[in-house]
Amino acid sequence: MDTVKKRFGLEPAIFNTINYFLLLCILVVTLYPFLNTIAVSFNEGLDTTRGGIYLLPREFTWQNYESVFKSGHLPHAFWISIARTVAGTVLSVFFTSMLAYVLSRPEYMFKKSVTIIVVLTMYFSAGLIPSYFLIKDLHMLNTFWVYIIPAMISAFNMIVVRTYIHTLPESLVESAKIDGAGEFRTFMSIILPLCMPVLATVSLFVAVGQWNSWFDTFIFAPKQSLSTLQYELMKLLNNTMSAGSGAPGASAGVNQGGQNSSAGMVTPLSIRAAITIVAALPIILVYPFMQRYFVTGLQLGGVKG
Amino acid sequence: MRETVLKGETAVGTERKAATFRKRLWSQRELILMSFPLVALVILFAYVPIWGWLMAFQQYRPGAKLFDQEWVGFDQFRFLFADEVFLQVLRNTLAMSVINMVLGFVTAIVLALMLNEVKQKFTKRFIQTISYLPHFLSWIIVTGIVATSLSIEDGIVNDVLMRLGLISEPILWLGTPKYFWGIVGASHVWKEVGWNTIIYLAAITSIDPSLYEAADMDGANRYRKIYHITLPGIRPIIIILLIMNLGHILEAGFEVQYLLGNGQVIDYSQTIDIFVLKYGLRVGNYSLATAAGMFKTVISIVLLFAANNIAKRLGEERLV
């Protein structure tokens, strides 16, 4: 402190110290819960209930993770999560960009009306009950497609992609047409490859949304065979959070296959920690690489379509 | 576009116009084929369900035909606004969304200003990277973390407060009604504060650097520069975001309240969305739930247009 004072003068030194201290606090508050959850997920279940686990596990074990991946329905839920993320992202991004391409064509005769129809959907929704009845009438309740089809065309992403297409030189499309390419081929072989940067951004938004989604499972597909990792985590959270006490010992009927297999015990709390990490891990792993794209996307979306 | 095609054809008969139209239709068949199925999908999932709003004016019985339903006019809405639970739900929704909005704005602006004062590029980038992370986690994970941290047995919040001597015994945070709104607000801040700074930091970088240089020459210190240059520089974006948020005043959310709520705090945790879910899909009173949902949507749209008008009057044209 003293040397800093001398070098920079009193006021900026104090300011910087306080600023860095507060930022450090924010970092700690942001990171600590993760580190603590990781520690709990690697700690022996019964031992965790004694408390006092902070940053490191006290009795290290793989057991919590083992029981996550060995128990009857969790691995299946994991695969459903992956399937909906992959299928949902590919289909949504492809068809949303196709619509964006069509709406970027200046000569398209329905450009204005179609744009209005699509963009308006950003500002209203019919609500839960009417949507539920629609899904029911379409016989889509408890089907995998309810995860993919209703939200396939995203107005926001459409605007983002279209804004990007507008920045490409028009001569590209013209020369493709002169070479005899139709609209679909122009889209597939000229526009789509050039849009890769923006498609990366949009894909990441869609994929994170799909991976994190649980409400549609909860409402439209409560069938066990369609359950996702997030939904399993949600059920577990509900069970362990009995009456808000967060009582770790309350093992309200959580059914874990592969439990009690060896000396240690698996408790709902430690399972919850393990699933939390499994559910967060894909995002945390790819996060450093995709951060750049997220920010670009936000800026592109800010440009009015 | 249309002008160029119809140029010099003002006097032509409708027949030739129709022929031109068909010709255009045919020449654009590929664009039409590529877009119409997708538009149909949008209409099906976004517009067709609006038909269901008719339920709000009926005493809906599943299975009966449209004309066999009992029509009750605005009775559902009347019932809703006489219902103590719904009024409570409305209060909770408004309270939580105002708290979230105020907390969200203040913390994001303060954090953006703090980050802007960090001059080492690497440090700044590192802090930003960490602070964006929670935005990408689901509310399930975040509420799980919140519940663990606030746990009465060995939650870190009680632990720290006890060690600091601020409280003498652990507090039952999630079981005490008066804390609920604050906990929801704090959870939002924890999840979104870093992410929300992006837009302010972008606005700050677009401020003309010569303003700061001039202020330096005039001998302005750091606080004066923040107060007289940085804050006025980001004022337009703050105003736009505030106005845009007005349209979402009834969108206090569903997930956090549903996931953190419990029997003890139910009078303070239920929002309109939870009310709709409960009355609609649990109790099976579809008409009442639809009326509540419809009320929310209509108010939101009215507020959105009002906000859009205000924005236009202020000379901003970035909305709708």
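## Chatting through helix, domain and chain contacts

Biologist: Hi! Where should we start, and how do α14 and α15 of chain B cross?

Modeller: In this predicted model, the axes of α14 (residues 272–282) and α15 (residues 286–313) of chain B come within 8 Å and cross at roughly 160°. Angles over 145 degrees count as roughly antiparallel, so α14(B) is roughly antiparallel to α15(B).

Biologist: Nice. Is the crossing left-handed or right-handed?
Modeller: α14(B) passes α15(B) in a left-handed crossing.

Biologist: Which residues meet there?
Modeller: From α14(B) come Ile272(B), Phe275(B), Val276(B), Tyr279(B) and Gly280(B), and they meet Tyr286(B), Leu288(B), Ala289(B), Ala292(B), Gly293(B) and Lys296(B) of α15(B). By class, that contact has eight nonpolar residues, two polar and one charged.

Biologist: Switching to chain A: which domains does it have?
Modeller: Chain A is divided into domain 1, covering 2–71 + 228–302, and domain 2, covering 74–224. Their contact takes 18 residues from domain 1 and 25 from domain 2.

Biologist: And which helix gives the most on the domain 1 side?
Modeller: That's α14(A), with nine residues. The domain 1 side divides into 11 nonpolar, six polar and one charged.

Biologist: Okay, now the two chains. How many residues does each put into the contact?
Modeller: Chain A gives 72 residues and chain B gives 72 residues.

Biologist: What supplies the largest share on the chain A side?
Modeller: α2(A) does, with 14 residues. Other helices giving two or more residues include α5 (74–104) and α11 (196–212) of chain A. The chain A side has 47 nonpolar, 19 polar and six charged residues.

Conventions. Residues are numbered from 1 along each chain as its sequence is written. Chains are lettered from A and ligands numbered from 1 in the order in which they are written. This is a predicted model: local features need pLDDT of at least 70, side-chain atom pairs count only at pLDDT 80 or more; totals for chains, interfaces and linings use all residues. Domain bounds come from an automatic or database domain assignment. Two residues are in contact if their C-beta atoms, placed from the backbone, lie within 7 Å. Helices (H or I, at least four residues) and strands (E, at least two) are DSSP runs, numbered from the N terminus. Ala, Val, Leu, Ile, Met, Phe, Trp, Tyr, Cys and Pro count as nonpolar, Asp, Glu, Lys and Arg as charged, and the others, Gly among them, as polar. Axes are lines fitted to C-alpha atoms, for helices over the stretch in contact, and angles run from 0 to 180 degrees between N-to-C directions. Angles under 35 degrees count as roughly parallel, over 145 as roughly antiparallel, 65 to 115 as roughly perpendicular and the rest as oblique. A crossing is left-handed if the near helix is turned anticlockwise from the far one by less than a right angle, and right-handed if clockwise.
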